[in-house]
Amino acid sequence: MTSNDTNIRPPRAAATVVVVRDAPLGIEVLLMRRAERGDLNSGAWVFPGGLVDAADRAALPFCRGVEPAAADARLGLAEHALDYWAAAVRECFEEAGLLYARAADGSPLVIDAARRERLDAWRGPLQRGERSLAALCHEEGLSLAVDELVYFSHWVTPPGRAKRFDTRFFVARAPRGQESAHDDGELVEQLWIAPAAALTRAEPLKLMTPTLKTLEAIARFADVDALLAWARAPRAVPLIQPQIGTGREGVRPVTPDEPAWAELRRLDPECRGNFSYEIHPAVPVHLSPRVIRVTAHNGSVMTGPGTNTYLVGGGPRNEWAVIDPGPAEAVHIAAVLAAAPGAIRWIFATHTHLDHSPGCALLKARTGAPVHGRVAAHPEWQDASFAPDVRLAGGERFALDEGVSLSVLHTPGHASNHLCYRLDEEKTLFTGDHVMQLSTVVINPPDGDMAAYLASLRALVAEDLDWLAPGHGFLIPQPRAAFEKIIAHRLAREAKVAQALDEVGDDEAALLARVYADVPERMHPMALRSLRAHLIKLRAQGPG
């Protein structure tokens, strides 16, 4: 299957309502259990929702509180976005018996016993498509309170699934004076529950990925007012399309907040599930025709899943360079050699910390390839065995093969001798420890320098890059955003250091406890190194 394969089903428009209410212990959400139908969603706990129906457009004259142009702008559509609001109101009424409506004059909807009986009689015919939402509004003298539904998120089912949906999620406070009641057809059970409780039940609920992630998002809010205020505020609502990956949890959807998502999207756009959401030592991953990643067996709290070694080459001569051979482990060097499609002619080190460069000597002994890199200004925590055949200053460019060239950038900060290497043809930067996934790097004086680190990051912001290939973790997209996020984080931490200095003085223990209160204590020895780097930078800057 290719990205142009006509067998990929286009997603169908759908709308979902996350109904919430305040309870003594915080927000509760309405979940409903789907009937067993022999498909993926059977038995899953979901929010009320379903397909946008062609007949929903006829109900738009009855919608109040959201103008069609405003709806189009909010959903980023050229036209007909208000159809989603109408569909969400209808689906919530059909499945949960909750009707977001007012009297035709805009006054609150009063549901007495007689009206309740009449409304209930509409649910089945609406669900079967025998009657329309517009007809309900006309006969009952209602307007639709679509302004009570606040746009929340946008999910699209991955390619390759038998059923695909392009679903707009809305969040709404439960209508006053109404009681939810599942339809006892498509939905066979209902539950009002706190999001955290739904996620941590001893007997787990079956939750599809969009439902689970929505519950996680709502669990951050103390009450419905706070949730709705956040949802109504101006904000970008990104399209979320999970990727499919494989790993210790089996084949499952991988969402954009997970480290592997962007790499999976690049390598497996058709979502066949052929790639892993985990990094496995010694298993080569072909990131492109020019790049192969092999990860060492040295995973730890400091190295994440392990140190990445990259093979770069693949031109007509099929000659390859190795970036960061990693620790001095024969088993890893053997894995790198086994993954190389051709002869290894160059060895490059990003820096000389013990998890990145000691393998250079072993790999040179096996291949005869010259070692390229820099020697650190300070020997502490460095690889004393590192002896480059070619000393790099930054600014060099190596034509490895036709259509394969590496440019060298000197990026001091994490280490005085830190280098990044850019694969020019793919706009990919091999970052070593300058940028890591999931965590910030330790800046350890005297060789580490916080001012130099920030300057190096700012210089990289101007580079024309598409991808970062870090020394630890998966490929990282949107390099400029990644650099700017790190800079903002470091400056925010520095501001905390400056404030703490004013409050508790220069006692390191007191500063560490204050500035890194958000960091687990087991990580404080490493955080202390970065704290000292911040202090050195602030003292060098002087007052003000």
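This text goes through salt bridges, one helix pair and two buried glutamates in a predicted model.

Salt bridges come first. Across the whole structure, a search finds 37 of them. One of these joins the side chains of Arg 118 and Glu 140, with a distance of 2.8 Å from N to O. The two partners belong to distant parts of the chain: Arg 118 sits in helix H3, which covers residues 113-127, while Glu 140 sits in helix H4, residues 133-140, and 22 residues separate them. Their surroundings can be described by relative accessible area. For Arg 118 this value is 40%, so the residue is partly exposed. For Glu 140 the value is 10%, and because buried means under 20%, Glu 140 counts as buried.

A second salt bridge is found between Glu 216 and Lys 213, whose closest N and O atoms are 3.5 Å apart. Here both residues lie in helix H6 (residues 209-218); they are 3 residues apart, so about one helical turn separates them. Glu 216 has a relative accessible area of 35% and is therefore partly exposed.

A third salt bridge pairs Arg 422 with Glu 463, and the closest N and O atoms of this pair are 3.8 Å apart. Like the link between H3 and H4, which ties distant parts of the chain, this one does so too: Arg 422 is in strand S22 (residues 419-423), and Glu 463 is in the loop between helix H11 (450-461) and strand S24 (467-470), 41 residues apart. Arg 422 has 14% relative accessibility and so counts as buried. Glu 463, with a relative accessible area of 30%, is partly exposed.

Salt bridges also form a network, which links Asp 56, Arg 90, Glu 91 and Glu 94. One member of that network, Glu 91, is found in helix H2, residues 82-96. Glu 91 counts as buried because its relative accessibility is 7%. Which residues does Glu 91 contact, leaving aside its neighbours within four places in sequence? They are Pro 48, Gly 49, Gly 50, Leu 51 and Ala 96.

The next topic is a pair of helices. The axes of H11 and helix H12 (residues 479-504) come within 9 Å and cross at roughly 150°. The two helices are therefore roughly antiparallel to each other, since angles over 145 degrees count as such. The crossing of H11 and H12 is left-handed. On the H11 side, the contact is made by Met 450, Tyr 453, Leu 454, Leu 457, Arg 458, Leu 460 and Val 461. On the H12 side, it is made by Arg 480, Phe 483, Glu 484, Ile 486, Ile 487, Arg 490 and Leu 491. Sorted by class, this contact has 10 nonpolar residues, 4 charged residues and no polar ones.

The last residue is Glu 426, found in the loop between S22 and strand S23 (428-432). Is Glu 426 buried or exposed? Its relative accessible area is 14%, so Glu 426 is buried. Leaving aside neighbours within four places in sequence, Glu 426 is in contact with Arg 266, Ser 288, Arg 290, Val 291 and Asp 466. Glu 426 and Trp 467 are 41 residues apart along the chain, and their C-alpha atoms are separated by 8.1 Å.

Definitions and conventions: Residues numbered from 1 in each chain as written. Predicted model: local features only at pLDDT ≥ 70, side-chain atom pairs only at ≥ 80, totals over all residues. Heavy atoms only, no water. Salt bridge = Lys/Arg side-chain N within 4 Å of Asp/Glu carboxyl O. Helix = DSSP H or I, 4+ residues; strand = E, 2+ residues; numbered from the N terminus. Buried < 20%, exposed > 50% of the residue type's maximum accessible area, 1.4 Å probe, protein only. Axes fitted to C-alpha atoms, helices over the stretch in contact; angles between N-to-C directions. Parallel < 35°, antiparallel > 145°, perpendicular 65-115°, else oblique. Left-handed = near helix turned anticlockwise from the far one by under 90°. Contact = heavy atoms within 4.5 Å. Nonpolar A, V, L, I, M, F, W, Y, C, P; charged D, E, K, R; others polar.
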